[in-house]
Amino acid sequence: MQTKRMATGRSRKQGNTKDRQCDNEAAKLAVEIALAWQERHAQQFSLVPINLNALAEEVGISVERNSGRARGAYLVRSKTDSRTQYTMVLPPEMCTEKRRIAMAHEIGHFAFERLESRPKWEPKAIEHFADIFAEEILVPATYASCSIRKYLQQADPTELIRASRRIYGVSVFMLLNVVKRRPAIMEQCNSVWLLARYQANRVTGLDPRLRIIQAVFDRNRVYVPTNKSVAALLGDLSWLASCSFGRTVMREGASIEVWAKTGHEKPKYKQVRVSATLRVTKLRPAAGTGTPFFVFSVSILLPSRL
């Protein structure tokens with residue numbers, strides 16, 4: 001029995017590794033194709049927020065509203081003679097932010113189907129491709145590095161949340177996903193950005209805590225792991241009691257330990273204690289989840305030599 005369990009665990013690990021590899025391939029291709037689209041349809045990407053209706057029309061996708069009760073958006077393909085016509089169908093009631101994400105996602109499916117040589121992926125990987133493609137066209141490469149960097153440097157979570165919606169029409173979660181894939185944006189930035197929520201350890205499924213689910217930082221200077229409890233990084237969290245929805249709370253004079261890059265081959269990182277200014281905003285939970293998100297900015301000053 002023990003041998004059987006070990007084999008099953010090994011198979012599961014191999015399956016997870018294969019899934020990650022496929023997701024990485026899908027993400028890499030999605031970024032590449034999204035950049036090609038930004039060059040090919042430069043006029044549509046000359047202003048933000050991107051006009052997705054105009055982009056869909058330019059590439060040959062008609063957009064319709066569903067008169068029924070379907071919740072999600074979907075792409076309909078219909079063949080006439082030798083041509084394939086594409087129609088994007090949107091549900092009748094959907095908030096602006098969700099509609100934009102849904103439209104960009106379906107345009108991602110369209111982009112994947114139009115590839116000359118499509119990878120033979122499982123549906124999950126194709127969905128991942130569409131997700132990454134959506135993020136990349138909603139936050140075009142030509143804008144993110146120049147316009148959003150100043151908000152990352154200011155280190156005010158509330159301002160970053162507002163800017164992501166006002167400039168790009170997307171959530172702060174999506175914006176930070178994009179920034180993480182473009183490390184040049186965070187170069188020489190003294191702020192570490194964290195998304196956190198109360199959840200169990202994603203490896204063990206146990207020990208629910210306020211955990212880091214996304215971390216964005218200057219990779220040339222520091223390293224912050226995800227899945228780690230926020231308390232393990234920032235220490236005492238009693239000051240979060242005064243944090244309310246949509247309002248930034250600040251704690252100055254904090255002392256935290258971070259993994260700083262040494263510039264040497266061994267050890268590559270060294271744990272150092274630095275002073276920090278902490279800011280956090282609490283976001284209302286998504287429908288059906290019941291668990292709020294926290295957006296942290298951690299302003300640090302690293303020593304010049306390690």
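**Stop 1: the cavity**

The largest cavity in this structure has a volume of about 40 Å³. A cavity is a set of points on a 1 Å grid over the protein atoms alone where a 1.4 Å probe fits but cannot get out, and lining residues have an atom within 4 Å of a point. Points are joined across faces, edges and corners, and the volume is the space filled by probe spheres set on them. The model is predicted, so local features need pLDDT of at least 70 and side-chain atom pairs pLDDT 80 or more, while totals for chains, interfaces and linings use all residues. Residues are numbered from 1 along each chain as its sequence is written, and side-chain values use heavy atoms, with hydrogens and water left out.

How many cavities of 30 Å³ or more does a search of the whole structure find? The search finds one. To see its lining, select Cys189, Asn190, Ser191 and Val192, then add Phe217, Asp218, Arg221 and Val222, and finish with Ile300 and Leu302. Colour the selection by residue type: six lining residues are nonpolar, two are polar and two are charged. (Ala, Val, Leu, Ile, Met, Phe, Trp, Tyr, Cys and Pro count as nonpolar, Asp, Glu, Lys and Arg as charged, and the others, Gly among them, as polar.)

**Stop 2: the second largest pocket**

Next, select Glu135, Asn177, Lys180, Arg181, Arg202, Ile213, Gln214 and Thr226, which line the second largest pocket. (A pocket is an open set of points with protein on both sides within 12 Å along at least five of seven lines.) This pocket holds about 320 Å³ of space. Two elements, α7 (172-181) and β5 (209-216), each give two or more residues to its lining. The largest share, three residues, comes from α7. (Helices, H or I with at least four residues, and strands, E with at least two, are DSSP runs numbered from the N terminus.) By residue type, this lining has four charged residues, three polar ones and one nonpolar one.

Keep Glu135 and Arg181 selected and add Glu136 and Arg182: these four are linked in a network of salt bridges. (A salt bridge is a side-chain nitrogen of Lys or Arg within 4 Å of a carboxyl oxygen of Asp or Glu.) Glu135 and Arg181 also appear in the pocket lining.

**Stop 3: three salt bridges**

The count for the structure comes to ten salt bridges. Side chains of opposite charge can pair when their charged atoms come close.

Select Arg77 and Glu113, whose closest N and O atoms are 2.5 Å apart in a salt bridge. Which parts does this pair tie together? Arg77 lies in strand β2 (residues 74-80) and Glu113 in helix α3 (residues 96-113), so the pair joins parts that are 36 residues apart in sequence. Arg77 is partly exposed at 42% relative accessibility, and Glu113 is partly exposed at 23%. (Buried means under 20% relative accessible area, exposed over 50%, partly exposed in between, with a 1.4 Å probe and protein chains only.)

Move to Glu159 and Arg162, a salt bridge with its closest N and O atoms 3.0 Å apart. The two are three residues apart in helix α6 (residues 157-168), a separation of about one helical turn. Glu159 is partly exposed at 27%, as is Arg162 at 47%.

Then select Arg209 and Asp207, where the closest N and O atoms of the salt bridge are 2.8 Å apart. Arg209 is partly exposed, with a relative accessibility of 40%, and Asp207 is partly exposed at 39%.

**Stop 4: the three-stranded sheet**

Return to β2, the strand that holds Arg77. What is the order of the three strands in its open sheet? The order is β1-β3-β2, and the pairing is mixed. (Two strands pair if DSSP finds at least two bridges between them.) β1 (61-65) and β2 stand at the edges with a single partner strand each, so one side of each has no neighbour in the sheet. Neighbouring strands are turned by 30° against each other on average, direction ignored. (Axes are lines fitted to C-alpha atoms, for helices over the stretch in contact, and angles run from 0 to 180 degrees between N-to-C directions.)

Select β1 together with β3 (residues 83-90): they pair in the parallel sense over five bridges. Ser62 stands opposite Thr87 in β3, and Glu64 stands opposite Val89 in β3.

Now show β2 with β3, which run antiparallel and are joined by seven bridges. Here Lys79 stands opposite Thr84 in β3. β2 and β3 form a hairpin with two residues between them. End the tour at Asp81 in the turn, which has a positive phi of about 55°.
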